[in-house]
Amino acid sequence: MFGDLFEEDFSFISNNHCGKGKKSKPRDSEPPAPRDFTNLSGIKNQGGTCYLNSLLQTLLFTPEFREALFSLGPEELGTLDDSSKPDAKVRIIPLQLQRLFAQLLLLDQQAASTTDLTESFGWNSNEEMRQHDVQELNRILFSALETSLVGTSGHDLINRLYHGIVVNQIVCKECKNISERQEDFLDLTVAVKGVAGLEEALWNMYVEEEYFENENLYRCGACDKLVEASKSAKLRKLPPFLTISLLRFNFDFEKCERYKETSCYTFPIQINLRPFCEQTEMDDSEYMYELFSVIIHKGGCYGGHYHVYIRDVDELGNWQLQEEEDRLIEDKALRDTENAKEVENPLAVLKGILSEEESKQIPVDQLGQKLLEKKGVSWNKKYRKQYGALRKYLQNHPQTFQFSPDENKVGLKEKHKLLFKSASQEQDFQRPPQKNDVHWNSEKKPTRLRDSSAGCHWFDLNDSKVQPIKEKDIEKQFQGKESAYMLFYRKSQLKRPPEARGNPRYQIPEHLLNEMNAANTELQKKRAECDSANHGIDLRLHLSSCYKFHNGALHPSLTWKENVVDLTIDRRKTLGDLRQSVFQKLESWEGDMILSIAKPLPAGLHLYQILDGDELTLDGIGLADGADIFVWNGKEVGGTKVMTGPDHEPVVINVLRLAEYNEGGKGQHFTESQHVFSCSTKLSDLRRALAPSGGIILKNGSGPDKEAKNWEVFLEGDMKETVKSVGLTDGCSVLILDSHDQSFVNVSSGNLTAFTYDISWLQVKNFCRTEDEEKHVKITATIETVMSDIKMKAIRELQLEEELANDSCLRPVSGNGKLLSPVPEDYTVKEAELKMGSLLGLCHGKAPTSTQLFLYFIVGSDQNTSPEMEIVVEETASVKECLNLMLEKSGLSGDNWHLRRIDWCYEAGEALSQENATLKELNVCRGDTLVITEGKLPPKGFLKIPIWWFKSSSHMKRGENTPDQVNGMTCKMDALQVSPAGDSPEYIHTDMDLCYAGSIEIAGEASLEDLKMQAMTLPCCQEQIVPLPSFLRAWTVDSKRPGKLLRNNKQQLNDYKLGARVEICIEPLQKEERLGPDELLLRVQMGIPGERDYYDSTDLVWDISKECTTWALRQRVASHYCLPVDKIEIAKYFPEKFEWLPISSWTQQISKRKRKKKQESLQSAPYHLKDGDIIGVKNLLLDDTKDFSTVRDDVGKEKQRQLALEKKKSRQAERLQDHVFSEEKLNIKHRKPEVALSINVGVFR
């Protein structure tokens, strides 16, 4: 991840010691988890697809829908293997739905994925992350299925199961004439606001009558006059499955915002629809419906979460809720009985808890928590007074409990575990299977816990999670932020065949059964492999014959790698098995074999406890993955006795002494050496070894920062302490002051009061271009070393002439090799803000003083044509004086120049307009880059505006090539462009050309007409015949394309708030134009029949003063092309995405008592219609395809996809490189604009 940080490779040495850590395993390589005790599968959420998951589970648990879908074979739908063939008509959506249903029924996994299904919908990752309305999805999915099944035996599947008819009748009170109109429905939408429940809502819709009387009369067709009448509606035809959508979301016209209706709204488990039907003479059973699914929405009107309550009609799952409650009641009664006892032996309780654990050992703190969960009372409250602390109690029973080497985990000794299991085996024989005991087999019926009435079990399916619930839990969803949103009823007459009960394989086609069987076999294989990998540990064996003991630790006689033997073993095996494996690995071993835990330390390899107890498991003794094992005879290595254990750990100590002299620095220099001592060594012995002639020993308490305030003196009373007790660890420093060194420092109160500094080094490279090649040298320095001393040392080390010191300077070198501004010679390393180890360049030229500025400058903003130059000026110099010096150095003359700062994207930015101000007053800093820009600065209050000549391809002949250059630079709009936010370039196509015409200076008080008049004087514009300014149209330039349209020729430029860096493009017109404030300018283009292309665009002016709705736009476009409104389709083009968004007139079904829903303006989401937008038009009389995209759009999308892929790869590489330094940033969620939901379906007619 971080590259080669170290030259040496110590990867073969474990980082996990003494039972710490586990082998990390990529999550993606692990197989999916098996089903839990319910034997039902959930569905993974792709980010925002909970609404889709809830609807799919409802369809799955509609057996008639599921079996009708399974009845369609490959001969009708095709196969997924043929989907890539160009001529094959494969109905992908029903095929993927079949496959998903088979996985949910038979595949042994906790949750299935809908990725393949959503890909068949044509959804991208953005669609999967965006949440939509489940009621809308229900209609669109049914429509997509109907289209996909055209020409098959399942063409009427949706209508057969869900289609119903509502009849609306108006009865004349005078002639009794009945006027009626039928409406088909797949779902009923009922009101929630102001209604107590479903029955009341249906009563209002299909029982109550609406009367036309008084001033509100009805014109009867038979009477041919206005008469009194009554209006009513009835259900004429009832479907087998009734879907009811609840109107939970409303609009508050006072607050002008949407809100969710959370009031109480009841609905029955069984409902009789006889009162709401037109025909009521049939048997009651014809009108009885039973609730079997409730889709629930949790949240508000702008977002939330969906899950679903479902009745398991075929009893495919295990419903265990009642048994669990009974067991909890029994456990509670048992706890009450146990709590009533005055005294209880805790040994049996702890043994019982540990014997139930899968892992051999658990943390002691976790054991206390499990005791609290099991007994309902903590250890401290129940046992501490009599038995003491929990850890102490465990340590007092070593014959029963066994600790890990670090004493953080505890477990049962193996013999006690076996005894406890055998004693409780008979009691647990009748225990219901727990979650980890379930073994799913798709060929067997799931085990039933109890018999009950068929299909009465309810489950809560919440994405991947499935859990049983009670029927009465549905009542909790009547009201609140988490409440019912869709209801699904089935006719009570619909009975399921006995062979379907509890049989998930019922009616599934043979090819899907074979596919699921093969997938289950593969899953079992992967789980077995994963189990083996999860329990396997890698050990590193170190052989005593390859080591020698010296300097307090074991060191290999060869290289580290050659002395290590790798061994992989299952952690569930015993220590005896490990010993046997080592014998087999080392066939030449003779004599006793002792295995000891080893740990690589900076001083070398050190041995800890000996592994003993061949009957114990490796997991039980706390042997972790990557542990180091030393194989020896237990006494000596190479004839030397080896001290083992934590009390004899070797410690590497840095020993510092004052240097004999200090050249040029302001602080002391040190000589440094490393020594190894046992942590049990007394300080008196350490002093004798390091300072035999006597002296003072000081310890650094702050690690690498050797500042005086952090040095502590070891007093005479400390000499009896050991290295470990005084806190000396690996890497700690001690300072030895001999008798002659003590005169340099002042020791009082046990601290070193004289100031010392950490010594390090800087790199210096020769850039003076002598006959010698460029060299690197390392110069020792402290943070207080002066830069002039470093320069002199570098000149000597590089063996250069001493005279060079008067005409040279030190300049930091950046990471990309650029020489930065010189460092003043009177600065220290700290004042120059240099990091130790930095690279400096020794260059010709004097370094600036502390009152001078070193600046870079370029002529123009293009570095390729103008190289970067350098200059040193006084910080008190004025901008004008600095400009003159720069012009003189660059060989330029004249007064038609000015200075600008350089912005963050390395282009000319803010101008230094105050010519008499000093550089210091304008905050120009050392190392800044300035740009010499041609042209004088405009006077105050004036705007300097670049003018572009804008010409649409509709004004040119079809097929005519645009000129390469027209008095300047031609900018093709399909060229590579950079987005305003500075993102990666995108290819944008449009039929427009921009030609740079020049720039003008104009006062902010001038009008738009004045700007047009001045633009007409530019050379490029003079070639065009423009009679008046009203024959010109002005746009702002946004990302090198027309942006905002500027109206009203008489309006001042300041009123437009154009900004200092605005650019304007001028478009010539064929006729005079005066656009009003309520007129929208659109560019419409008609599609070419039979081709994926369009005719040239034309301008369309649309008056939106009355309304800006879909219907009004369709009327305006139809009248423009002299076509019927219902024979055109229109769409808006988004050039930055190469996408067309159809402008549809479809409206949501609403209650008949509601007023017509006010249509939203096209200027709001999702269309955001504005001036200059391109509107595509399809003439349905000549072209019935509704695909608006062109071949250029396909090319553009592919380029965008490639750019996005490259950007993603570069981001991943940067993230990988900078991961250690990165910090997580807070993500602020912004509400995204609403986007219409759609499913793409092929044509099968």
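**Exercise 1. Strand S22 and its partners**

Task: In this predicted model, find how many bridges join strand S22 (residues 536-543) to strand S28 (residues 628-632), and state whether the two run parallel or antiparallel. Then find which strand S22 joins through antiparallel bridges, and how many of its residues are buried.

Solution.
- Step 1. S22 and S28 are joined by four bridges and run parallel. One position to look at is Leu541, whose bridge partner in S28 is Ile629.
- Step 2. Strand S25 (residues 564-570) is joined to S22 by seven bridges, and these two strands run antiparallel. Here Leu539 stands opposite Leu567 of S25.
- Step 3. Both senses of pairing are normal options, since strands of a sheet pair through backbone hydrogen bonds, either parallel or antiparallel.
- Step 4. Of the eight residues of S22, six are buried, and the strand is mostly covered.

**Exercise 2. A sheet of three strands**

Task: Give the order of the strands in the open sheet that contains S16, S17 and S18, and explain why one side of S16 and of S17 has no neighbour in the sheet.

Solution.
- Step 1. The order is S16-S18-S17, and the pairing is antiparallel.
- Step 2. Strand S16 (362-363) and strand S17 (401-403) are at the edges; each has a single partner strand, so one side of each is left without a neighbour in the sheet.
- Step 3. Two bridges pair S16 with strand S18 (residues 409-412) in the antiparallel sense. Pro363 has Lys409 in S18 as its bridge partner.
- Step 4. Across S16, S17 and S18 lies helix H11 (residues 346-355), which runs at about 95 degrees to S18.

**Exercise 3. Helix H1 and helix H4**

Task: Decide how far helix H1 (residues 50-60) is enclosed, and describe how H1 packs against helix H4 (residues 92-106).

Solution.
- Step 1. Count the buried residues: 11 of the 11 residues of H1 are buried, so the helix is largely enclosed by the rest of the structure. Among them are Cys50, Tyr51, Asn53 and Gln57.
- Step 2. The axes of H1 and H4 are 11 Å apart, at an angle of about 80 degrees.
- Step 3. Angles of 65 to 115 degrees count as roughly perpendicular, and H1 and H4 are therefore roughly perpendicular to each other.
- Step 4. On the H1 side the contact is made by Leu56, Gln57, Leu59 and Leu60. On the H4 side it is made by Leu97, Leu100, Phe101, Leu104 and Leu105.
- Step 5. For reading such lists, recall that an α-helix has 3.6 residues a turn, so residues three or four places apart point the same way.

**Exercise 4. An aromatic pair**

Task: Classify the ring pair of Phe65 and Tyr162, and find where in the chain the two residues lie.

Solution.
- Step 1. A pair of aromatic rings is described by the distance of the centres and the angle of the planes.
- Step 2. The structure holds 21 aromatic pairs. In the pair of Phe65 and Tyr162, the ring centres are 6.5 Å apart and the planes stand at 65 degrees, so the pair is edge-to-face.
- Step 3. Phe65 is in helix H2 (residues 63-70) and Tyr162 in helix H8 (residues 157-162); with their positions 97 residues apart, the pair links distant parts of the chain.
- Step 4. Both residues can be checked for burial. Phe65 has 0% relative accessibility and counts as buried, and Tyr162 is buried with a relative accessible area of 2%.
- Step 5. Phe65 and Tyr162 belong to one aromatic cluster that also includes Phe101, Phe142, Phe241, Phe292 and Phe488.

**Exercise 5. Glu67**

Task: State whether Glu67 is buried or exposed, and which residues it touches beyond four places away in sequence.

Solution.
- Step 1. Glu67 lies in helix H2.
- Step 2. Its relative accessible area is 15%. The cut-off for buried is under 20%, so Glu67 is buried.
- Step 3. Leaving out residues up to four places away in sequence, Glu67 touches Arg496, Tyr506 and Gln507.
- Step 4. Glu67 and Gln507 are 440 residues apart along the chain, yet their C-alpha atoms are separated by 6.2 Å.

**Exercise 6. The loop between S58 and S59**

Task: Find which peptide bond is cis, and what is notable about phi of His1168.

Solution.
- Step 1. The cis peptide bond joins Ala1165 and Pro1166, with omega at about 0 degrees.
- Step 2. Pro1166 is placed in the loop between strand S58 (1139-1142) and strand S59 (1174-1179), and His1168 lies in the loop between S58 and S59 too.
- Step 3. His1168 is not a glycine, but its phi is positive, about 50 degrees. At 40% relative accessibility, His1168 counts as partly exposed.

Methods: Residues numbered from 1 in each chain as written. Predicted model: local features only at pLDDT ≥ 70, side-chain atom pairs only at ≥ 80, totals over all residues. Heavy atoms only, no water. Pairing = 2+ DSSP bridges. Contact = heavy atoms within 4.5 Å. Axes fitted to C-alpha atoms, helices over the stretch in contact; angles between N-to-C directions. Phe/Tyr/Trp six-rings, centres within 6.5 Å; stacked < 30°, edge-to-face > 60°. Buried < 20%, exposed > 50% of the residue type's maximum accessible area, 1.4 Å probe, protein only. Parallel < 35°, antiparallel > 145°, perpendicular 65-115°, else oblique.
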